[in-house]
Amino acid sequence: MQEQELQALLSQLSPEEKIGQLVQLPASFQEEGNATGPAMQMGLTQEDLALAGSYLGLIGAKKLRKLQETYMARHPHHIPLLFMADIINGYRTVFPIPLAQSCMFDPALVEACASIAAKETAASGVHVTFSPMADLSRDARWGRVMEGGGEDPFVSGQTAAAMVRGYQGKDIRDKGKIGACLKHFAGYGAPEGGRDYNNAELSERTLREDYLPAYRAAVDAGCALVMPSFNTLDRVPSAANAWLLKDILRKEMGFSGMVISDWSAVAELIPHGIARDEKEAAYLALRAGVDMDMSSPVYIKNLKALVEAGKIPLQWIDEAVLRVLTLKNKLGLFENPFKDLDENEESALHLCEAHRQAARKCAEKSFVLLKNEGSLLPLAEPGETAWIGPYVDTQMLNGAWSIFADDGDTLSLRSALALHEKTKNAPTAVGCAIADPDSPVQGFMSAVSLSGVDEAQALREAAALAQKAKNVVLALGEHRECSGEAASRGTLTLPKCQLKLLDSIAEVNPNIIVLLFTGRPLDIRAVQEKAKAILLCWLPGTEGASAAVRTVLGEASPSGRLSMAFPYCVGQLPLHYNHLRTGRPYSGDYKAGRFGSKYQDIPNDPLYPFGFGLTYTEFAYGPVTLSQSSIKKGGGLTASVTVTNVGKRPGEETVQLYLRDECGSVARPVRTLKAFEQVTLKPGESRRVSFRIDESMLRFYDIHMAYTSEPGDFTVFIGPDSRTEKGARFTLKEE
Ligand code: BGC
């Protein structure tokens, strides 16, 4: 449809029809088919349901074809419905959780995974996914860290932008493409105390410098929609924050797409205490720039009266409706309301071999090798290994958001072992349940019981098996329902039953390799102490188990890097490598540094820092050299380093470049990641890796909040992780 045709359509709509376009209802309403149950509780009438312009959470070609046909036939102007769903890390073929994907440091592969997810989703009739989440996260207590790109603005931005490109391609109208909804704008990843939905207390400078860049990267990549966050920022909930949604998002970032509230966030302006009633909530949200109201009755029940009372100009409604119609038009729905939905394609694409292989490749690349004492991994003699632990026998490897996937399609470690020639007869034992019987993982009793097996006996059997084996692969981790939305934790240790299993195995066999399955960084001091090797597998998806078996056997080499540090313990949180300098840096010597910035009882440094990850070979770095020792405004230089594979196996290295501004008008971070590059080298092979450093990379929000660079000295660090000390200095000259 041409722009004028959309305008003409808009002008024909009655106020009720317009407001209907601004409403998204949850799947349960449609599944009931009439205004009973939850819809009635919300006070919606049959007419409201007939005009609501969008649904979330419905999926499936057959179902959505019928729904679209019936809805359009009844709609006075035959405007198609818009279907959205949470496709976070794959639909039927499940990829590793986004946090794990960001550990690949490989935007092209992230993009490829999102593109597969889009194809599977589009075939099932959904037009938009509520992804990517670009919320910077520095606090592992927050359960939703699993959905984002970790603690670094650059890596989170690269990951989110790659997902947008993968979902949307060049044009969301194209076959197999869907719209991407960036979320949760802004600062949702910084809830106080790590507790979900809590207030985020960020200075404008920290917001702009650290939190906004990842969202901006996704906006620059062209995301079609944006979702404001639940949290308050400077005491204003995002759904009512006109400064955030208009001044920053639309004016500064140039976003022109549609804004949809988070689930019931418009109605929640009342409990937030900034709206007295639904009318005020509707007014505040529409004024702030929320076009569509998700799963709340506020717009549908109040906007008409507000317009009639002259409290809301009709123009506000028209602008919002036009953005919704424009999105439907960009998706091509006016020409083809079914877009790509196709039952045959569904069966051909879902979980097809190519998608499974991509999921396996992604899982392999996302694993992070945290420890490998004596090069225990890869296993030379897999036949002499016992595979033990609650994660040996579970298909719950998909992550909390894989709500449309079937666990039955996911390989368990036990099945993956059985499928591999070298491990098909490997001895296995579960040893204990995934969660403690008194754990907060309520309602998931299958996880906290050993289905009739006596706990003590399970432990004894596991220990007996471990005693006979040369090595033990111990598959431990956090239950998948312990991370995700509304899954914050105040402690980050493994369940007591798993720690007991670890102790029992360690008593009889010192050669322990832990495979760690988790949706967030954990406190793994006990594992670090008792295991010789630790392979972090995150929640790796449909093919994660086969990826883990292949990695243990050395058929794949781990090369992932932590996009979020593993803390020493909870007391360090929030934690991030790019922290500001303090006037009293701690020297490391407790007596000399009595009044340094430190804890009395725990170290300052995390157990495993940002950017860290080992592989099956080793790399050596030469000195960092610069093409020149000074630059001017608008100029740049090249920083280079030679990387050599000094080990015995081929391997992939992620070369990371950090910058430090030695002195600024406001305090500057100790260092900030600005670039990375991956190189694959054979044993003995060297490669010169060069990075361009432009003056624009030195910019920050100065004392006057101007985004600029300041003359002075800068240090470039290039190395394997955020602790690297290999560096060189240059000067940005006065003009
Ligand atoms: C979450 C969003 C999600 C939405 C729709 C909300 O509770 O915060 O991330 O997209 O539900 O399912």
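I take two strands to pair if DSSP finds at least two bridges between them, and with that rule in hand I opened this predicted model at strand β21.

**Entry: β21 and its partners**

I looked up β21 (residues 651-661) against β26 (residues 712-719) and found the two paired in the antiparallel sense, with six bridges between them. Within this pairing I noted two facing positions: R660 lies opposite T715 of β26, and Q656 lies opposite G719 of β26. I then turned to β22, which also runs antiparallel to β21 and is joined to β21 by nine bridges; here T654 is the residue that faces Q678 of β22.

**Entry: the sheet as a whole**

Which strands make up the open sheet, and in what order? I read five strands in the order β19-β27-β26-β21-β22, with mixed pairing. At the edges I find β19 (630-631) and β22 (672-681), and because each has a single partner strand, one side of each is left without a neighbour in the sheet. For β21 I checked burial as well: 10 of its 11 residues are buried, so the strand is largely enclosed by the rest of the structure.

**Entry: the largest cavity**

I next searched for enclosed space and counted six cavities of 30 Å³ or more. The largest cavity holds about 70 Å³, and I list its lining as L659, R660, D661, R668, P669, T672, K674, M697, L698, R699 and F714. R660, already noted opposite T715, is thus one of the lining residues. Both β21 and β22 supply at least two residues of this lining, and β21 gives the largest share, three residues. Sorted by class, the lining has five nonpolar, one polar and five charged residues.

**Entry: the second largest cavity**

For the second largest cavity I recorded a volume of about 50 Å³. Its lining consists of Q101, S102, F105, D106, P107, V110, V155, Q158, T159 and F676. Helices α7 (98-102), α8 and α9 (153-168) each contribute at least two of these residues, and the largest share, three residues, comes from α9. By class I have five nonpolar, four polar and one charged residues in this lining.

**Entry: nonpolar cores**

In soluble globular proteins, nonpolar side chains tend to be buried together. I therefore looked for cores here, and the largest nonpolar core has 204 residues, of which F185, Y299, I388 and L515 touch the most other members. Helix α8 (residues 107-123) gives the most to this core, with eight residues; α8 is also among the helices that line the second largest cavity. A second, separate core has 25 residues, including A639, V655, V689 and I693.

I went back to F185 to see what surrounds it: which residues does F185 touch, not counting those up to four places away in sequence? With that exclusion, F185 touches L212, Y215, V226, M227, P228, S229, S238, L244, L245, I248, L249 and M253.

Key:
Residues are numbered from 1 along each chain as its sequence is written. This is a predicted model: local features need pLDDT of at least 70, side-chain atom pairs count only at pLDDT 80 or more; totals for chains, interfaces and linings use all residues. Side-chain values use heavy atoms; hydrogens and water are left out. A nonpolar core is a set of buried Ala, Val, Leu, Ile, Met, Phe, Trp, Tyr and Cys residues joined through side-chain atoms within 4.5 Å. Buried means under 20% relative accessible area, exposed over 50%, partly exposed in between (1.4 Å probe, protein chains only). Helices (H or I, at least four residues) and strands (E, at least two) are DSSP runs, numbered from the N terminus. Contact means heavy atoms within 4.5 Å. On a 1 Å grid over the protein atoms alone, a cavity is a set of points where a 1.4 Å probe fits but cannot get out, and a pocket is an open set with protein on both sides within 12 Å along at least five of seven lines; lining residues have an atom within 4 Å of a point. Grid points are joined across faces, edges and corners, and a volume is the space filled by probe spheres set on the points. Ala, Val, Leu, Ile, Met, Phe, Trp, Tyr, Cys and Pro count as nonpolar, Asp, Glu, Lys and Arg as charged, and the others, Gly among them, as polar.
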